[in-house]
Amino acid sequence: MLEHKTISLAEQVFERLENDILTGKYQRGEILTELKLVTDLGVSRTPVREALHRLEQEHIIEITQKGILILGVTEQDLKDIFAIRLHIEGMASAFAAKNMTVEQLAELKETLELQEFYVGKQDPERIKTMDSKFHQLIYRYCGSAVLNDTLLPLHKKVQKYRRASVEDNSRAQQSAREHRSIFEAIEAKNAVLAEKYNTEHIANAADHILNK
């Protein structure tokens with residue numbers, strides 16, 4: 001049963017289902033029923049229907065006569081996501097270099113240091129968590145709601161593949177070094193370098209995931 005928090009129950013259901021689909025619990029091509037989800041989640045039909053409507057809008061599922069068809073993320077989706085991120089994620093880091101406050105930089109630094117710590121411990125689940133948070137903080141604090149709203153869902157959609165990536169310790173170490181370079185450029189308020197390092201980081205991530 002989902003817990004009642006400050007966010008709505010429908011939002012909790014959405015986040016749970018989105019995570020379950022994007023991490024591979026439900027596989028592409030699988031058919032689910034509304035009743036199964038109501039039973040599994042321990043909630044009423046209304047929040048499930050609201051969540052399913054949002055998931056369909058994001059093209060993660062399709063509502064069919066047979067039931068809820070899991071679409072997930074295809075290889076072509078991955079290619080498109082990385083192509084888009086290559087063009088605009090560096091911009092978010094450039095904006096962050098200009099706009100992040102001292103307090104926001106401290107939060108970004110703490111996240112990076114935790115990522116580096118968990119890389120040393122070879123803890124892929126926590127590496128992935130800190131890796132995700134590092135990017136999300138840049139989106140959140142770059143000063144552009146449009147960039148944040150564009151990049152956040154794209155980043156979420158590759159999480160299953162990122163988990164496999166961080167399980168490769170050499171890639172996890174490289175990624176942490178790349179994050180360190182991005183952070184130092186942002187801290188120095190060097191927008192040009194922040195954009196350059198972030199773009200290179202996305203290119204390396206794409207190469208590792210798409211060509212593995």
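**Close-up 1. Helix 2 packs against helix 3 at an angle of about 115 degrees.** In this predicted model, helix 2 covers residues 34-41, and its axis lies 10 Å from the axis of helix 3. The two helices make a right-handed crossing. Who touches whom here? On the helix 2 side, look for Glu-34, Leu-35, Leu-37, Val-38 and Leu-41; on the helix 3 side, they meet Arg-45, Val-48, Arg-49 and Leu-52. Sort that contact by class and you get six nonpolar residues, three charged ones and no polar ones.

**Close-up 2. Helix 1 also meets helix 3, with the axes crossing at roughly 50 degrees.** Here you're looking at residues 9-22 (helix 1) and residues 45-57 (helix 3), whose axes come within 8 Å. That crossing angle makes helix 1 oblique to helix 3. As for handedness, helix 1 passes helix 3 in a right-handed crossing. Helix 1 brings Leu-9, Ala-10, Glu-11, Val-13, Phe-14, Leu-17, Glu-18 and Ile-21 to the meeting, while helix 3 brings Pro-47, Val-48, Glu-50, Ala-51, Leu-52, Arg-54 and Leu-55. In terms of class, this contact of helix 1 with helix 3 has 11 nonpolar residues and four charged ones, with no polar residues. Keep an eye on Val-48 and Leu-52 in helix 3: they are listed in the contact with helix 1, and they turn up in the contact with helix 2 as well.

**Close-up 3. Helix 6 and helix 7 cross at roughly 165 degrees.** Their axes come within 9 Å. With an angle over 145 degrees, helix 6 and helix 7 are therefore roughly antiparallel to each other. Helix 6 passes helix 7 in a right-handed crossing. From helix 6, the residues in the contact are Asp-131, Ser-132, His-135, Gln-136, Tyr-139 and Arg-140, and from helix 7 they are Asn-148, Leu-151, Leu-152 and His-155. The class count for this contact comes to three nonpolar, five polar and two charged residues.

**Close-up 4. Ser-144 sits in the loop between helix 6 and helix 7.** Helix 6 spans 124-141 and helix 7 spans 145-157, with Ser-144 in the loop between them. Is Ser-144 buried or exposed? Its relative accessible area is 16%, and the cut-off for buried is under 20%, so Ser-144 counts as buried. Skip its neighbours within four places in sequence, and Ser-144 is in contact with Phe-95 and Tyr-139. You've already met Tyr-139: it is one of the helix 6 residues that meet helix 7.

**Close-up 5. Helix 9 runs for 19 residues.** From the C-alpha of its first residue to that of its last, helix 9 (residues 169-187) reaches 27 Å, close to the 27 Å expected at 1.5 Å a residue. Plenty to look for along the way: its buried residues are Asn-169, Arg-171, Ala-172, Ser-175, Ala-176, Glu-178, His-179, Ile-182, Phe-183, Ala-185 and Ile-186. After the helix comes Lys-189, with a positive phi near 60 degrees.

**Close-up 6. Ile-182 is a buried residue in helix 9.** Its relative accessible area is 0%. Which residues is Ile-182 in contact with, leaving aside its neighbours within four places in sequence? They are Ser-93, Phe-134, Ile-138, Tyr-197, Asn-198 and His-201. Now find Ala-194: Ile-182 and Ala-194 are 12 residues apart in sequence, and their C-alpha atoms are 5.3 Å apart in space.

Definitions and conventions:
Residues numbered from 1 in each chain as written. Predicted model: local features only at pLDDT ≥ 70, side-chain atom pairs only at ≥ 80, totals over all residues. Heavy atoms only, no water. Helix = DSSP H or I, 4+ residues; strand = E, 2+ residues; numbered from the N terminus. Expected span 1.5 Å × (residues − 1). Buried < 20%, exposed > 50% of the residue type's maximum accessible area, 1.4 Å probe, protein only. Axes fitted to C-alpha atoms, helices over the stretch in contact; angles between N-to-C directions. Parallel < 35°, antiparallel > 145°, perpendicular 65-115°, else oblique. Left-handed = near helix turned anticlockwise from the far one by under 90°. Contact = heavy atoms within 4.5 Å. Nonpolar A, V, L, I, M, F, W, Y, C, P; charged D, E, K, R; others polar.
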